[in-house]
Amino acid sequence: MRLAQLALERNVRSVLVDLTQGFHAAAWSSIFPALRKSGFKLGVHLPPATLLEECHDFATTEPMSQAAFVKAAAANLAVPTTRALLVQLSTDGLKAQIGLDAATGTQPFASPTLLCTELLGFDRCLEPSWRAFGPYPIRFSEVFYESAHAVALVNLKPIVPGHVLVIPKRRIDRFTHLDSDEVADLWQTAQTIARRIEAHYNAPSFTFSIQDGRAAGQTVPHVHIHLLPRRPGDFAKNDDIYDELEKNDQRRQLDLDEDRVPRTLDVMAAEAAVLRDLCRDP
């Protein structure tokens, strides 16, 4: 089973990396930022006298056992060890497991790059200019707003002008699996965006919609809020928008809504640039 799928099933929130047996900054220079941009809290245990950089949520160079490090990191990050991916570099190489229970299995990896790619589960995950929507890589040119735990991106096939998506940075499939700080930030981000784009789209109303799980119509396994500017009479029946949303959520797998042609990357990037200016913090 791919590590990304296992992390999804176990609702992993933190990555704890024990590098006391050997730390080479060059090998991890792109790994730590990639983990954090993908919504994971990051804890690291480094050899004594290692220069600590500001790319971790918790870091220590104090001599301690792995168990003591894991306990300290769990307390500082406020994430239980059962939801932590533990990564250790030893004489046997790089190994990872979820939680302290050995029954979950330990997976070996040939390099930090392979481990990170397997965990994040999308192509080009190590490149700063790419994000993920489920298993799909998203160019940063499609992203127009970023908060502590969420990003907002333009839509491939918008139902109405200004139809955008707000997603948590962490790839998680169920809204009910998000932590409270992620939930608060997700909805705060949606509200902020609505306030800043309503005049641009001359929208007196908005629809905010989440399809939480397959039975609700979700096909992309990544929580997302549909944010749609609304105008009087934009649908013959107001509830028709939910039928359109169900089609829209399948746009990357099935072309059920053939009447709406997918937009080009240039068109999406141009819209994102406009929205980025509108949503820029004062």
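User: In the protein, where is confidence lowest and where is it highest?
Analyst: This is a predicted model, in which local features need pLDDT of at least 70 and side-chain atom pairs count only at pLDDT 80 or more, while totals for chains, interfaces and linings use all residues. Residues are numbered from 1 along each chain as its sequence is written, and side-chain values use heavy atoms, leaving out hydrogens and water. Helices (H or I, at least four residues) and strands (E, at least two) are DSSP runs, numbered from the N terminus. On pLDDT, the predictor's confidence in each residue from 0 to 100, the lowest mean, 77, is in helix α7 (residues 240–248) and the highest, 98, is in strand β11 (residues 164–168).

User: Over which residues does pLDDT stay under 50?
Analyst: The mean pLDDT of the protein is 88, with 93% of its residues at 70 or more. Contact means heavy atoms within 4.5 Å. The model has 21 contacts beyond four places in sequence for the stretch where pLDDT stays under 50, which is residues 251–260.

User: What is the order of strands in the open sheet?
Analyst: Two strands pair if DSSP finds at least two bridges between them. The open sheet has five strands with antiparallel pairing, in the order β9-β10-β11-β13-β12.

User: Which strands are the edge strands?
Analyst: An edge strand here pairs on one side only. β9 is joined to strand β10 (residues 150–154) over three antiparallel bridges, and Tyr-145 stands opposite Ala-152 in β10. The edge strands are β9 (143–146) and β12 (205–209).

User: At about what angle does helix α6 run to β13?
Analyst: Axes are lines fitted to C-alpha atoms, for helices over the stretch in contact, and angles run from 0 to 180 degrees between N-to-C directions. Helix α8 (residues 265–279) packs on the sheet, touching β9, β10 and β11, and makes about 30° with β9. Helix α6 (residues 180–197) lies across β9, β10, β11, β12 and β13 (225–230), and its angle to β13 is about 20°.

User: Why does Arg-174 count as partly exposed, rather than buried or exposed?
Analyst: Arg-174 is in the loop between β11 and α6. Buried means under 20% relative accessible area and exposed over 50%, with partly exposed in between (1.4 Å probe, protein chains only). Arg-174 counts as partly exposed because its relative accessibility is 28%.

User: Which residues does Arg-174 touch, not counting those up to four places away in sequence?
Analyst: The C-alpha atoms of Arg-174 and Pro-158, 16 residues apart along the chain, are separated by 23 Å. Beyond four places in sequence, Arg-174 touches Asp-212, Gly-213 and Val-223.
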